[in-house]
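Trainee: Could you take me slowly through one part of this model, the metal site and the surroundings of the ligand beside it? I would like one connected account that I can follow with the structure open.

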Amino acid sequence: MIIAPSLLAANYARFGPEAARAARAGADWLHLDIMDGQFVPNISFGPGVVAAVRPHAKKLFFDVHLMCGQPEILLEPFARAGADLITVHVELGDKIPALLWKIKSLGKKVGLAINPPTAITAALPYLDKIDLLLVMTVNPGFGGQSFIHECLPKIQQADAWRRERKLTYHLEVDGGINHLTAAECARAGADTFVAGTSLFGAHSLKNAVTKMRKIVNGSDPGLADLAI
Ligand code: DX5
Ligand code: ZN
């Protein structure tokens, strides 16, 4: 189980120390949400910022989520900036095969994301070419939104395909993940949990990461109830 705090919910004036804080808190990955103001109605930060943050958290795995309409112009810059995994959106359609190939050729892990309104079958042609499938659990663009429960069957389906086809991609969830919804996603088959508000917004990031890890490992409804 992988806990990936999202830097989008950290203090924008202190990204370096916030990334270091996530590492000290026991996070496995750092999730970096890149928004271009076109694919989503918001702008976050670019490769220059990621490169500046990288030395503050040398051991953290950098999980770069591109919510961008033209990721082809960003793959090399983010690879150079220190990304370990780069995710592009399946909604980009015909561009996807070349994008996945390019990410792999840059020596990075390959991720594919799917928005809540998009049918999970859109990911089917790519399952054997990816290291991670990101099932969005909010409509991308902003942190702090509520988890969309209708996404849970998509996680179950993606997990079933993974088992049937003997594949090993990570199954990641992103958006509205707190201790309660993380438990629901874990029961549905997710293994990688992106959380912004519920982790960086917690009184103690370390306690929040530890508690989320216990809950998703146990997948215990009792524990989840206690976490409310
Ligand atoms: C949406 C982002 C968010 C974010 C997580 O575009 O991808 O999902 O990282 O934020 P919270 O945990 O605040 O929903
Ligand atoms: Zn994200």
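Mentor: Let us begin with the sequence, where the donor residues of the zinc ion (ligand 2) follow the spacing H-x1-D-x31-H-x108-D. Please keep in mind that this is a predicted model, and that the values I quote are computed from it. In three dimensions, the letters of that pattern correspond to His-31, which donates through NE2, Asp-33 through OD, His-65 through ND1 and Asp-174 through OD, and these protein donors lie 1.9 to 2.2 Å from the zinc ion. Of these residues, His-31 and Asp-33 are both buried.

Two of the zinc donors, Asp-33 and Asp-174, lead us on to ligand 1, for they are among the residues that come nearest to ligand 1, together with Gly-141, Gly-196 and Thr-197, out of 17 residues around it. Asp-174 places a polar side-chain atom 2.7 Å from an oxygen atom of ligand 1, while Gly-141 has a polar backbone atom that is 2.7 Å from an oxygen atom of the ligand. Gly-176 also takes part through its backbone, with an N or O atom lying 2.8 Å from an oxygen atom of ligand 1. On its own, ligand 1 has 370 Å² of accessible area, and the protein covers 98% of that area.

Looking at the surroundings as a whole, we find that ligand 1 sits in the largest pocket, and that the shell around ligand 1 is made up, by class, of eight polar, seven nonpolar and two charged residues.

Conventions. Residues numbered from 1 in each chain as written. Chains lettered and ligands numbered in written order. Predicted model: local features only at pLDDT ≥ 70, side-chain atom pairs only at ≥ 80, totals over all residues. Heavy atoms only, no water. Near = heavy atom within 4 Å. Polar contact = N/O pair within 3.5 Å; in protein donor to acceptor, adjacent residues only side chain to side chain. Areas by Shrake-Rupley, 256 points an atom, 1.4 Å probe, with all protein chains shown as cover. 1 Å grid on protein atoms, 1.4 Å probe; cavity = no way out; pocket = protein on both sides within 12 Å on 5 of 7 lines; lining within 4 Å. Sits in = over half its atoms within 2 Å of the grid points. Nonpolar A, V, L, I, M, F, W, Y, C, P; charged D, E, K, R; others polar. Donors = N, O, S within 2.8 Å, 3.2 Å for Na, K, Ca; no water. Buried < 20%, exposed > 50% of the residue type's maximum accessible area, 1.4 Å probe, protein only.
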